[in-house]
Amino acid sequence: MTAEWTPELRLHAQADRCRLHLVGVTYGNGATMQEASNDLLARLFDLGMATYAGRFRATSEFGAPDRRVLEFLWEIGELAARGGDIRGRLFDVPAPRRPSD
């Protein structure tokens, strides 16, 4: 079984700002790490859905995109389209439990 590939995640924090950078893909900014995480996930969701729907177009100015990144974005888009938890996929944590109705 092949392990899932995930781009490297880097945190840059200053006194009042955090940036989470998903290397080669996107980033998120916020006053806290939670806000930066939420911003990153919103951007990743949009990129994943665009890739999954066939709307992602790479420019030739930068050369061919990394195949692993495209496969990762496709997986994120597919997961999101099914209503899955992209937070868990990115951060390798289980989805939060919802109270039963």
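# Exercises on a β-β-β-α-α-α chain

β2 and β3 form a hairpin with 3 residues between them, and Gly24 in that turn has a positive phi of about 80°. The model is predicted: local features need pLDDT of at least 70, side-chain atom pairs count only at pLDDT 80 or more, and totals for chains, interfaces and linings use all residues. Residues are numbered from 1 along each chain as its sequence is written, and side-chain values use heavy atoms, with hydrogens and water left out.

## Exercise 1: the sheet

Task: Give the order of the strands in the open sheet, and state which are the edge strands.

Solution:
- Start with the elements. The chain has 3 helices and 3 strands. These are DSSP runs numbered from the N terminus: helices are H or I with at least four residues, strands are E with at least two.
- Next, the pairing. Two strands pair if DSSP finds at least two bridges between them. β1 and β2 are antiparallel and joined by 5 bridges. Strand β2 (residues 18-22) also has 5 bridges to β3, again antiparallel.
- Read off the order: β1-β2-β3. The edge strands are β1 (9-13) and β3 (26-30), each pairing on one side only.
- Add the twist. Neighbouring strands are turned by 15° against each other on average, direction ignored.
- Check the connection. A hairpin of 4 residues links β1 to β2.

## Exercise 2: partners and faces of β2

Task: Which residues stand opposite Cys18 and Leu20 in β3?

Solution:
- Cys18 faces Gly30.
- Leu20 faces Gly28.
- On the β1 side, Arg10 has His21 of β2 as its bridge partner.
- Now sort the faces of β2. Cys18, Leu20 and Leu22 make up the covered face; Arg19 and His21 make up the uncovered one.

## Exercise 3: Ser37 and Glu71

Task: Is Ser37 buried or exposed? Do the same for Glu71.

Solution:
- Set the cut-offs. Buried means under 20% relative accessible area, exposed over 50%, partly exposed in between (1.4 Å probe, protein chains only).
- Ser37 belongs to helix α1. Its relative accessible area is 7%, so Ser37 is buried.
- List its contacts (heavy atoms within 4.5 Å). Beyond neighbours within four places in sequence, Ser37 touches Leu20, Arg87 and Phe91.
- Glu71 belongs to helix α2. Its relative accessible area is 45%, so Glu71 is partly exposed.
- One distance for Glu71: its C-alpha atom is separated by 9.6 Å from that of Tyr52, 19 residues apart along the chain.
- For the whole chain, buried residues make up 27% of the 101 residues.

## Exercise 4: the α1 and α2 contact

Task: At what angle do the axes of α1 and α2 cross, and how do the residues of their contact divide?

Solution:
- Define the axes. They are lines fitted to C-alpha atoms, for helices over the stretch in contact; angles run from 0 to 180 degrees between N-to-C directions.
- Read the geometry. The axes of α1 and helix α2 (residues 67-81) come within 7 Å and cross at roughly 95°.
- Classify the angle. The two helices, α1 and α2, are therefore roughly perpendicular to each other. That class covers 65 to 115 degrees; under 35 counts as roughly parallel, over 145 as roughly antiparallel, the rest as oblique.
- Name residues. Those in α1 include Leu44, Phe45 and Tyr52; those in α2 include Phe72, Trp74 and Glu78.
- Count by class: 12 nonpolar, 3 polar and 1 charged. Ala, Val, Leu, Ile, Met, Phe, Trp, Tyr, Cys and Pro count as nonpolar, Asp, Glu, Lys and Arg as charged, and the others, Gly among them, as polar.
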